[in-house]
Amino acid sequence: MSLRHAPDTARSTIDVEPVGWQLAMKRAIRSQAELRRRLGMAENPHVGSAERFPTFVPLEMAARIRPGDPHDPILRQVLASEEELVEVGGYSSDPVGDLHASVGGGLLHKYHGRALLVTHGACAVHCRYCFRREFPYSDVGSRTQRWQPAIEYLRADPSIEEVLLSGGDPLTLTDEVLDQLIGELESIAHLRRLRIHTRLPIAIPQRITQTLTDRLSRSRLMCWFVIHCNHAAEIDAPVSESLQRLRLAGIPILNQAVLLSGVNDSVDSLEELSKCLIDRGVQPYYLHQLDRVHGAAHFWVEPRRGEELIETLRERLPGYAVPQYVCEVTGEASKSTMESVLRKNADFSSLRDC
């Protein structure tokens with residue numbers, strides 16, 4: 001099976017004029033009707049109520065979608081479906097226990113030695129399987145207080161050595177605001193590492209500015225990037241250039257993918273993704289089992305199938321190119337490997353928290 005590294009741009013009907021990242025956010029596609037129109041697809045009147053989770057697709061990413069192809073792996077991630085409206089047992093609004101782990105000011109403290117700061121509710125693309133699609137950002141965050149409750153919590157707990165910036169997406173904050181936030185974190189003596197979880201290098205690659213890379217490279221904190229890419233078709237020339245800018249700044253890059261039915265649930269697609277990543281200096285880090293959030297059940301892949309895919313990848317790829325297959329179980333002290341979960345739970349369907 002032959003897979004493509006980049007979309008067939010000759011067939012794209014979406015003209016993408018080069019602009020700054022903030023303008024790219026402003027001009028993004030914001031409705032399913034517009035998305036379908038731009039891609040030459042018929043309207044679907046049955047998905048209107050699914051847009052209670054809003055549509056947001058930057059033109060940079062939409063231009064990589066094959067027009068008129070309902071099976072395109074990028075399109076499936078952003079196209080609303082009436083399947084989202086089906087109530088399925090075991091799916092919830094908070095599938096990974098974020099709210100239980102909230103300690104105030106947008107800070108989540110689940111795991112020893114590290115804490116996650118929900119910096120902002122905005123994201124560069126709204127993926128239909130997002131585990132935070134119902135997250136109450138306005139209630140949990142503290143940006144209006146410049147994250148001071150979170151900073152005070154971090155300062156008071158010397159066991160925390162690493163802070164993860166997440167969201168939404170932390171890179172939807174301006175370089176100036178990020179500079180202020182990173183400065184606050186740098187002032188906490190026991191912090192040693194900063195991890196930025198972001199989809200921007202993939203969705204809007206021009207977000208990786210010289211100002212941003214300069215700021216991160218001069219930080220006293222060791223900075224890691226964790227990007228989110230699910231399919232090789234998401235990686236085009238501008239994305240490759242954004243990753244190169246990070247690497248030239250000395251920032252190591254990891255990738256987290258989610259195993260998604262109809263997107264990457266074949267060994268060929270996962271192999272191609274891993275090759276695309278390692279050829280650009282990005283380590284495949286995690287392959288996540290889908291978090292069971294309301295509206296995402298149609299993306300579910302049976303864990304036994306996921307295990308089979310990983311076993312075949314081990315036969316085809318060097319060890320460093322094979323991601324760990326994991327899921328998040330509420331209340332556990334770390335991510336759980338699917339191998340250990342399956343060993344403990346012969347009938348995985350009974351494990352509703354994973």
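**Helix packing, cysteines and selected residues in a predicted model**

Helix 12 passes helix 13 in a right-handed crossing. I begin with that pair of helices, and I should say at once that the model under discussion is a predicted one. The axes of helix 12, residues 267-278, and helix 13, residues 303-316, come within 10 Å and cross at roughly 50°. Helix 12 is therefore oblique to helix 13. On the side of helix 12, the contact is made by Val-267, Asp-268, Leu-270 and Glu-271, and on the side of helix 13 by Leu-309, Thr-312, Leu-313 and Arg-316. Sorted by class, the residues of this contact are four nonpolar, one polar and three charged.

Allow me to place this pair in the context of the whole protein. The secondary structure comprises 14 helices and ten strands. The protein has 354 residues, of which 55% count as buried. If one takes the contacts between residues at least 6 apart in sequence, 82% of them join residues at least 24 apart.

I turn next to helix 8, which takes part in two of the packings I wish to show. Its partner in one of them is helix 7. Helix 7 covers residues 148-156 and helix 8 covers residues 175-186; their axes come within 10 Å and cross at roughly 25°. Since angles under 35 degrees count as roughly parallel, helix 7 is roughly parallel to helix 8. The crossing of helix 7 with helix 8 is right-handed. Gln-148, Ile-151, Leu-154 and Arg-155 of helix 7 make the contact with Leu-181, Glu-184 and Leu-185 of helix 8. Four of these contact residues are nonpolar, one is polar and two are charged.

The other partner of helix 8 is helix 10, residues 210-217; the two pack at an angle of about 5°, with their axes 10 Å apart. Helix 8 is thus roughly parallel to helix 10 as well. Here helix 8 contributes Asp-175, Leu-178, Asp-179, Ile-182, Gly-183 and Glu-186, which meet Thr-211, Leu-212, Arg-215 and Leu-216 of helix 10. The contact of helix 8 with helix 10 consists of four nonpolar, two polar and four charged residues.

One backbone feature deserves mention in this region. The peptide bond from Gly-167 to Gly-168 is cis, with omega near 20°. Gly-168 belongs to the loop that runs between strand 4, residues 162-166, and helix 8.

Now to the cysteines. How many disulfides does a search of the whole structure find? The number is zero. Cys-130 is in no disulfide, and the nearest cysteine sulfur, that of Cys-123, lies 6.7 Å away. A disulfide requires two cysteine sulfur atoms within 2.5 Å. Cys-130 has a relative accessible area of 24% and is partly exposed. Cys-276 is likewise in no disulfide; for this residue the nearest cysteine sulfur is that of Cys-229, 7.7 Å away. Cys-276 is buried, at a relative accessible area of 0%.

I close with three individual residues, starting with Ser-242. Ser-242 is located in helix 11, residues 237-248. Is Ser-242 buried or exposed? With a relative accessibility of 0%, Ser-242 counts as buried. Setting aside residues up to four places away in sequence, Ser-242 touches Pro-201, Pro-205 and Ile-208.

Val-96 sits in the loop between helix 4, residues 75-78, and helix 5, residues 98-101. Although Val-96 is in a loop, this residue counts as buried, at 2% relative accessibility. Which residues are in contact with Val-96, leaving aside its neighbours within four places in sequence? They are Lys-110, Phe-131, Asp-291, Glu-328 and Thr-330. The C-alpha atoms of Val-96 and Val-329 are separated by 6.5 Å, while the two residues are 233 apart along the chain.

The last residue, His-71, is also found in a loop, the one between helix 3, residues 59-62, and helix 4. His-71 has a relative accessible area of 64%, so it is exposed. Apart from neighbours within four places in sequence, His-71 is in contact with Arg-66 and Gly-262. Gly-262 is 191 residues from His-71 along the chain, and the C-alpha atoms of the two are separated by 7.3 Å.

Technical notes:
Residues numbered from 1 in each chain as written. Predicted model: local features only at pLDDT ≥ 70, side-chain atom pairs only at ≥ 80, totals over all residues. Heavy atoms only, no water. Axes fitted to C-alpha atoms, helices over the stretch in contact; angles between N-to-C directions. Helix = DSSP H or I, 4+ residues; strand = E, 2+ residues; numbered from the N terminus. Parallel < 35°, antiparallel > 145°, perpendicular 65-115°, else oblique. Left-handed = near helix turned anticlockwise from the far one by under 90°. Contact = heavy atoms within 4.5 Å. Nonpolar A, V, L, I, M, F, W, Y, C, P; charged D, E, K, R; others polar. Buried < 20%, exposed > 50% of the residue type's maximum accessible area, 1.4 Å probe, protein only.
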